[in-house]
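Please walk through this protein with me, from its overall fold down to single residues. Keep the sequence and the 3D view side by side as you read.

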Amino acid sequence: MAKRGKVNLARPDWCKACGICVEVCPVEVLELGPERIEIAYPDNCVGCENCELSCPDFVLKVVKENDE
Ligand code: SF4
Ligand code: SF4
(Lines give C-alpha, C1' and ligand atoms only; values in the text may rest on other atoms or scores of the structure.)
(Ligands and ions follow the chains in the order given, each with its own letter.)
Protein backbone atom coordinates (compact mmCIF):
# COMPACT_ATOMS: atom_id res chain seq x y z
CA MET A 1 0.00 0.00 0.00
CA ALA A 2 1.06 3.56 -0.52
CA LYS A 3 2.75 5.36 2.30
CA ARG A 4 0.52 7.84 4.08
CA GLY A 5 1.05 10.59 6.56
CA LYS A 6 -0.59 13.49 8.28
CA VAL A 7 1.06 16.88 8.54
CA ASN A 8 0.02 19.17 11.37
CA LEU A 9 0.74 22.77 12.29
CA ALA A 10 2.44 22.23 15.63
CA ARG A 11 3.44 25.88 16.08
CA PRO A 12 1.46 27.91 13.53
CA ASP A 13 2.39 31.24 15.11
CA TRP A 14 6.08 30.60 14.37
CA CYS A 15 5.59 30.37 10.60
CA LYS A 16 7.19 33.23 8.69
CA ALA A 17 5.77 32.13 5.30
CA CYS A 18 9.22 31.49 3.79
CA GLY A 19 7.88 28.79 1.45
CA ILE A 20 10.68 26.25 2.00
CA CYS A 21 8.25 23.50 2.99
CA VAL A 22 6.20 24.05 -0.17
CA GLU A 23 9.34 23.55 -2.28
CA VAL A 24 10.45 20.31 -0.60
CA CYS A 25 7.06 18.59 -0.58
CA PRO A 26 7.02 15.93 -3.33
CA VAL A 27 3.25 16.04 -3.59
CA GLU A 28 0.88 18.96 -3.42
CA VAL A 29 -0.08 19.38 0.22
CA LEU A 30 1.06 22.80 1.37
CA GLU A 31 0.25 26.29 0.12
CA LEU A 32 1.35 29.67 1.33
CA GLY A 33 -1.44 31.75 2.74
CA PRO A 34 -1.26 35.50 3.35
CA GLU A 35 0.35 35.12 6.77
CA ARG A 36 1.36 31.51 7.20
CA ILE A 37 1.46 28.08 5.66
CA GLU A 38 -1.81 26.30 5.00
CA ILE A 39 -2.43 22.58 4.71
CA ALA A 40 -4.38 22.83 1.48
CA TYR A 41 -4.54 19.18 0.44
CA PRO A 42 -3.90 17.02 3.53
CA ASP A 43 -5.06 13.82 1.82
CA ASN A 44 -2.04 13.97 -0.53
CA CYS A 45 0.52 13.65 2.28
CA VAL A 46 2.82 10.62 2.03
CA GLY A 47 4.53 11.20 5.39
CA CYS A 48 8.02 11.75 3.95
CA GLU A 49 8.84 14.35 6.65
CA ASN A 50 10.64 16.63 4.16
CA CYS A 51 8.63 19.61 5.34
CA GLU A 52 9.20 19.00 9.04
CA LEU A 53 12.93 18.49 8.55
CA SER A 54 13.32 21.53 6.29
CA CYS A 55 11.31 24.08 8.25
CA PRO A 56 13.75 26.39 10.05
CA ASP A 57 11.12 27.35 12.60
CA PHE A 58 9.78 23.97 13.77
CA VAL A 59 6.26 24.79 12.62
CA LEU A 60 5.30 21.42 11.13
CA LYS A 61 4.93 18.01 12.72
CA VAL A 62 4.37 14.90 10.60
CA VAL A 63 2.71 11.74 11.81
CA LYS A 64 3.43 8.68 9.68
CA GLU A 65 0.52 6.38 8.94
CA ASN A 66 0.86 3.11 7.09
CA ASP A 67 -2.08 1.59 5.28
CA GLU A 68 -0.77 -1.96 5.61
S1 SF4 B 1 5.35 14.94 5.06
FE2 SF4 B 1 6.11 15.00 2.91
S3 SF4 B 1 4.25 14.73 1.69
FE4 SF4 B 1 3.55 15.30 3.73
S5 SF4 B 1 3.32 17.54 3.64
FE6 SF4 B 1 5.40 17.10 4.41
S7 SF4 B 1 6.72 17.14 2.61
FE8 SF4 B 1 4.59 16.94 1.87
S1 SF4 C 1 9.20 26.19 6.07
FE2 SF4 C 1 8.28 26.57 8.10
S3 SF4 C 1 8.37 28.81 8.35
FE4 SF4 C 1 8.67 28.37 6.15
S5 SF4 C 1 6.58 28.47 5.26
FE6 SF4 C 1 6.96 26.34 5.81
S7 SF4 C 1 6.07 26.11 7.89
FE8 SF4 C 1 6.34 28.31 7.49
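The paragraphs below go from the fold to the ligands, then to the core and to a few chosen residues.

This is a predicted model. The protein has four strands and two helices. Read from the N terminus, their order is β-α-β-β-α-β. The C-alpha atoms fill a box of roughly 35 × 20 × 15 Å along the principal axes. How does the radius of gyration compare with that of a compact globule? For 68 residues, a compact globule would have a value near 11 Å, and the protein has 11 Å, so the two agree. Of the 68 residues, 19% count as buried. Now look at the contacts between residues at least 6 apart in sequence. Of these, 60% join residues at least 24 apart.

Turn to the ligands next. Around ligand 1 there are 16 residues. The nearest of them are Cys-25, Val-29, Cys-45, Cys-48 and Cys-51. Which elements give two or more residues to this shell? They are strand β1, residues 3-9, and helix α2, residues 50-54. By class, the shell around ligand 1 holds twelve nonpolar residues, three polar ones and one charged one.

Ligand 2 has its own set of neighbours. One run of them covers Cys-15, Lys-16, Ala-17, Cys-18, Gly-19, Ile-20 and Cys-21. Ile-37, Cys-55, Asp-57, Val-59 and Leu-60 also surround ligand 2. By class, this shell has nine nonpolar, one polar and two charged residues.

Now go to the interior. In soluble globular proteins, nonpolar side chains tend to be buried together. Here the largest nonpolar core has twelve residues. Its cysteines are Cys-15, Cys-21, Cys-25, Cys-45, Cys-51 and Cys-55. The other members are Val-7, Val-29, Leu-30, Ile-37, Val-59 and Leu-60. Several of these names have come up already. Cys-25, Val-29, Cys-45 and Cys-51 are among the residues nearest to ligand 1. Cys-15, Cys-21, Ile-37, Cys-55, Val-59 and Leu-60 are among those around ligand 2.

Two core members are worth following through their contacts. Cys-21 sits in helix α1. Is Cys-21 buried or exposed? It counts as buried, because 23 C-beta neighbours lie inside 10 Å; the cut-off for buried is 20 or more. Beyond four places in sequence, Cys-21 touches Leu-30, Ile-37, Cys-51, Ser-54, Cys-55 and Leu-60. Leu-30 is the next stop. Leaving aside neighbours within four places, Leu-30 contacts Cys-21, Val-22, Cys-25, Ile-37, Ile-39, Ala-40 and Cys-51.

Move out to the loops. Cys-18 lies in the loop between β1 and α1, the helix of residues 20-24. With 15 other C-beta atoms within 10 Å, Cys-18 is partly exposed. The C-alpha atoms of Cys-18 and Glu-52 are separated by 14 Å, with their positions 34 residues apart along the chain.

Glu-49 is in the loop between β3, residues 37-39, and α2. It counts as partly exposed, because it has 16 C-beta neighbours inside 10 Å. Glu-49 and Cys-21 are 28 residues apart in sequence, and their C-alpha atoms are 9.9 Å apart. Check the backbone here too. Most residues other than glycine have a negative phi. Glu-49 has a positive phi, near 75°.

The loop between α2 and β4 gives two more stops. Pro-56 is found there. It counts as exposed, with 10 C-beta neighbours inside 10 Å. From Pro-56 to Ile-20 the C-alpha distance is 8.6 Å, across 36 residues of sequence.

Phe-58 is in that loop as well, ahead of β4, residues 60-66. Why does Phe-58 count as exposed? It has 11 C-beta neighbours inside 10 Å, and the cut-off for exposed is 12 or fewer. Phe-58 still has contacts beyond four places in sequence, with Arg-11 and Trp-14. Phe-58 and Cys-15 are 43 residues apart in sequence and 8.3 Å apart in space, C-alpha to C-alpha. The phi of Phe-58 is positive, near 55°.

Note on methods. Residues are numbered from 1 along each chain as its sequence is written. Chains are lettered from A and ligands numbered from 1 in the order in which they are written. This is a predicted model: local features need pLDDT of at least 70, side-chain atom pairs count only at pLDDT 80 or more; totals for chains, interfaces and linings use all residues. The radius of gyration is taken over C-alpha atoms; the globule rule is 2.2 Å times the number of residues to the power 0.38. Two residues are in contact if their C-beta atoms, placed from the backbone, lie within 7 Å. A residue is near a molecule or strand if its C-beta atom, placed from the backbone, lies within 6 Å of it. Ala, Val, Leu, Ile, Met, Phe, Trp, Tyr, Cys and Pro count as nonpolar, Asp, Glu, Lys and Arg as charged, and the others, Gly among them, as polar. A nonpolar core is a set of buried Ala, Val, Leu, Ile, Met, Phe, Trp, Tyr and Cys residues joined through C-beta atoms within 7 Å.
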